[in-house]
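Subject: The structure I promised you

Hi,

Here is the structure we talked about. Have a look at it first, then read on for what turned up.

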Amino acid sequence: MKILLLGAGGFIGVNLVERLLADGVHDVVAVDINAEKIEEISYEDLHFLRLDISQDEAEVEELVKQADVVVDLVAIANPSLYVTDPIGVYELNFTQNLKVVHQCIRHKKRLVQFSTCEVYGITAAKAMGLDSRTHPIPFHEDTTPLIMGPVKNQRWIYACAKQLLERLLHAYGLRGELEWTVIRPFNFIGPRIDFLPSEASGNPRVFSHFMNGLLYGTPLKLVDGGVNYRAYTYIDDAVDCMVRILENPDKTRNDIFNIGSKHILCK
């Protein structure tokens, strides 16, 4: 296949690009505004373009026309920005990504859209006033009610933008206008994840804070008493799932897939 990866320079994207190039089966075009991580890949057949989906629409659409499948990883996935720049998070994660959806519809291209486990919102147990630790209720892509927090908690704008995009993909699929697959990642970890707070400004995902504490002895901040749980998935295992989804369009058409671990690995 001719695979177009948008947002290929991020943590997930660069690991997926590296795997696809190592397999040597598909033609891969990688697109991102940032080349720092992807420059670490040393494959002669790497085709990387520095483009912005919000500024270079014509160039991106031409690449969509030439592709067999479009993998859209473009997102702001920095929790601190959900609070400090909620409008910017919405604009990129929904408005700009919706343009890619429309490009895929116009040119009849399959779209693999990356979403997030955060679309599940708060746990069903918490929504019912129960303790999630004593009433664990697994997330399920077809039945979980996807309950969000109140509007004043701006951090939910990320999850809401991702969820709304999913709902539109589903609707376009029902109208027969789009072949889509949604991937919901659950806390991937591994090489090239985010950045360390001691080495750059900002507030990355929690695992980077763990690594920062191990390497630099910085204290770990407990949120809400430190009782929240996360299930972590190593990036190579996650990429295995992504490749299977890409290579099995008939089995994954117009469906949603969780990629994560069943087991709680860290508190």
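One term before we start: helices and strands here are DSSP runs, numbered from the N terminus, with at least four residues for a helix and at least two for a strand. Also keep in mind that this is a predicted model.

With that numbering, you can find E179 in the loop between helix 6 (156-174) and strand 6 (180-185). Is E179 buried, exposed or partly exposed? Its relative accessible area is 25%, and since buried means under 20% and exposed over 50%, E179 comes out as partly exposed. Leaving aside residues up to four places away in sequence, E179 touches K109, R110, L111, P249, R253 and N254. For a sense of distance, take A127: the C-alpha atoms of E179 and A127 are separated by 33 Å, and the two residues are 52 apart along the chain.

Next, helix 8. This helix covers residues 235-246, so to speak a run of 12 residues. From the first C-alpha to the last, helix 8 reaches 16 Å, close to the 16 Å expected at 1.5 Å a residue. Which residues of helix 8 are buried? They are I235, A238, V239, M242, V243, I245 and L246. Looking down the axis of helix 8, you would see these buried residues fall within an arc of 155°, so they line one face of the helix. It helps to remember that an α-helix has 3.6 residues a turn, so residues three or four places apart point the same way.

Helix 8 also has a partner. Helix 1 (residues 11-23) packs with helix 8 at an angle of about 65°, and their axes are 10 Å apart. The crossing of helix 1 with helix 8 is right-handed. On the helix 1 side, the residues in contact are F11, I12, N15, L16, R19, L20 and D23. They meet I235, V239, D240, M242, V243 and L246 in helix 8. Sorted by class, this contact has 9 nonpolar, 1 polar and 3 charged residues.

Finally, two backbone angles to look up. N187, in the loop between strand 6 and strand 7 (188-189), has a phi near 50°, a positive value in a residue other than glycine. R192 also has a positive phi, near 75°, and is not a glycine either. You will find R192 in the loop between strand 7 and helix 7 (206-216). As for accessibility, N187 counts as partly exposed at 24%, whereas R192 is buried at 18%.

Cheers

How values were computed
Residues are numbered from 1 along each chain as its sequence is written. This is a predicted model: local features need pLDDT of at least 70, side-chain atom pairs count only at pLDDT 80 or more; totals for chains, interfaces and linings use all residues. Side-chain values use heavy atoms; hydrogens and water are left out. The expected span of a helix is 1.5 Å times one less than its number of residues. Buried means under 20% relative accessible area, exposed over 50%, partly exposed in between (1.4 Å probe, protein chains only). The arc is that of the directions from the helix axis to the C-beta atoms. Axes are lines fitted to C-alpha atoms, for helices over the stretch in contact, and angles run from 0 to 180 degrees between N-to-C directions. A crossing is left-handed if the near helix is turned anticlockwise from the far one by less than a right angle, and right-handed if clockwise. Contact means heavy atoms within 4.5 Å. Ala, Val, Leu, Ile, Met, Phe, Trp, Tyr, Cys and Pro count as nonpolar, Asp, Glu, Lys and Arg as charged, and the others, Gly among them, as polar.
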